[in-house]
Amino acid sequence: MIRSSVLPNGVRILTETMPQVRSVTIGIWADVGSSAEPAERRGISHLVEHMLFKGTDRRSARRIAEEMDGIGGNLNAFTDKESTCYYAHVMDRHVPIAIDILGDMFLHSRFDADDLRKEQQVVLEEIKMYDDSPDEMIHDLFTRTMWRGSQLGEPTIGYEETVSAIDRTMLRSWMSVRYAPQTVLVTAAGNLDHDDIAARVVHAFEGFTGSATSPAAERPRLTPAVSITHKDTEQAYVMLGMGGLSLRDDDRYALSVLDTVLGGGMSSRLFQEVREKRGLAYSVYSFQQGYREAGLFGVYAGCSPERVQECVDVIAEELDAAAGSLTDAEVALAREHLKGNLTLALESTSSRMMRLGRNELVYARQISTDELEERIDAIDRTAVERTAQSLLDPAARGLCVLGPIEPGSIRFGKTQAA
């Protein structure tokens with residue numbers, strides 16, 4: 001049900017037909033994210049994303065919003081470290097309007113100077129919002145601690161001083177250098193006809209020319225350390241982790257099973273030990289941050305400040321134990337959990353559209369659900385334990401704590417937290 005074609009100007013189109021639904025999600029992808037930005041322009045990709053919603057020669061920002069609201073659709077976008085995506089979720093009969101709006105925004109945004117000044121203030125408020133959200137802030141602190149000095153380690157949203165310094169000339173230059181047919185991809189999933197989608201995209205992208213190359217994927221050096229950030233919060237936020245695997249590593253399936261066993265659900269080891277048995281935290285989970293040539297793996301927990309040391313010790317003990325104590329039953333349960341989540345995600349047109357785009361940008365091919373299930377089913381206890389032994393080295397772990405904690409008060413490994 002997946003078809004692909006290439007427009008005369010070089011833009012790639014991938015669609016997946018889902019005749020059982022009545023909606024379509026369409027996305028325009030640019031193969032560039034924050035990891036390609038110079039330090040003095042940190043946040044420019046994210047600011048471009050914001051400005052594409054602020055009006056074109058044909059539509060004001062208000063009209064864009066009214067047209068989408070008028071068809072009951074959802075128009076949105078996101079910028080991550082390696083790509084940017086603008087997408088719309090609409091009823092199948094409204095696909096022509098969605099493509100016209102997306103194409104107009106993508107190719108004909110005005111970048112008005114007054115709009116830019118206002119939108120910079122919006123982004124600065126967004127930065128403040130993240131600073132007031134410790135469970136979000138701790139993730140950025142962890143990434144910056146583990147990949148110090150790297151592009152991937154820096155926040156996608158940027159900093160107040162870098163965002164404020166960007167002008168419309170810089171935005172246009174960034175788009176002209178990074179947005180071109182070779183680095184742009186259109187994906188769509190839902191109740192659609194591929195040929196119809198392709199014809200409408202040809203019209204919407206008329207006149208889109210230029211040349212660009214995709215940024216080289218970064219392989220940052222791992223810099224594990226201990227970082228305590230004092231903040232007056234009711235809870236302390238703990239993140240303990242180490243290097244992980246890239247999205248292209250063949251062992252990523254074994255890591256996904258390990259992730260599930262350790263902290264992927266209510267039956268996971270960390271949930272049972274940290275929350276159910278000890279009552280240390282309401283929220284505790286393990287996670288992967290995967291990129292094209294790099295990755296991190298870690299554990300998050302939010303706990304009372306006076307119990308941070310106990311929480312850190314328990315998490316470390318669970319990581320230490322994982323390499324040699326896994327059972328066949330745990331691995332089998334994790335495999336079924338992963339396949340179940342995959343199947344549920346496939347019922348969403350948005351998830352399928354995203355999968356088309358990410359597969360094309362990361363792997364340059366589509367990985368079928370049958371292949372995914374086969375790769376997951378092939379993971380046994382030996383493969384998971386081998387991955388655990390490779391990654392969960394205590395000497396390679398870093399720790400970040402955010403909250404009302406004094407520097408030097410947390411023991412981690414053989415050192416006191418600084």
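So, A199: with a relative accessible area of 46%, this residue is partly exposed. On that scale, buried is under 20% relative accessible area, exposed is over 50%, and partly exposed is in between, using a 1.4 Å probe and protein chains only. Keep in mind that this is a predicted model, where local features need pLDDT of at least 70 and side-chain atom pairs count only at pLDDT 80 or more, while totals for chains, interfaces and linings use all residues. Residues are numbered from 1 along each chain as its sequence is written, and side-chain values use heavy atoms, with hydrogens and water left out.

Back to A199. It sits in helix α8, residues 194–204; helices here are DSSP runs of H or I with at least four residues, strands are runs of E with at least two, and both are numbered from the N terminus. In space, A199 is 9.1 Å from L7, C-alpha to C-alpha, although 192 residues separate the two in sequence.

Staying with α8, let's look at D195. Its side chain meets that of R3 in a salt bridge, at 3.2 Å from N to O. The cut-off for a salt bridge is a side-chain nitrogen of Lys or Arg within 4 Å of a carboxyl oxygen of Asp or Glu. R3 is in strand β1, residues 2–6, and D195 is in helix α8, so this pair ties together parts that are 192 residues apart in sequence. Both ends are partly exposed: R3 has 42% relative accessibility, and D195 has a relative accessible area of 46%.

And how many salt bridges does the structure hold? The count is 35. Let me pick out R278, which bridges to E273 with the closest N and O atoms 2.9 Å apart, and also to E310, this time at 3.8 Å. That second pair links distant parts of the chain, 32 residues apart: R278 is in the loop between α10 (269–277) and β9 (281–290), and E310 is in helix α11, residues 308–325. As for accessibility, E273 is buried at 15%, R278 is partly exposed at 33%, and E310 is partly exposed at 30%. There's a network too: R58, R59, R63, E67, D100 and D104 are joined by salt bridges that share partners.

Next, the cavity. The structure holds one cavity of 30 Å³ or more, and the volume of the largest is about 50 Å³. By cavity I mean a set of points on a 1 Å grid over the protein atoms alone where a 1.4 Å probe fits but cannot get out, with lining residues having an atom within 4 Å of a point. Grid points are joined across faces, edges and corners, and the volume is the space filled by probe spheres set on the points.

What lines the largest cavity? You'll find I26, I28, I99, L102, G103, V186, V201, A204 and F205 there. The elements giving two or more residues to that lining are β3 (23–30), α3 (95–108) and our α8 again. Of these, α3 gives the most, with three residues.

Last up, cysteines. The structure has zero disulfides, a disulfide being a pair of cysteine sulfur atoms within 2.5 Å. Why no bond for C400? The closest cysteine sulfur, in C311, is 14 Å from the sulfur of C400, which is too far. C400 also counts as buried, at 2% relative accessibility, and C85 is buried at 0%.

Conventions. 1 Å grid on protein atoms, 1.4 Å probe; cavity = no way out; pocket = protein on both sides within 12 Å on 5 of 7 lines; lining within 4 Å.
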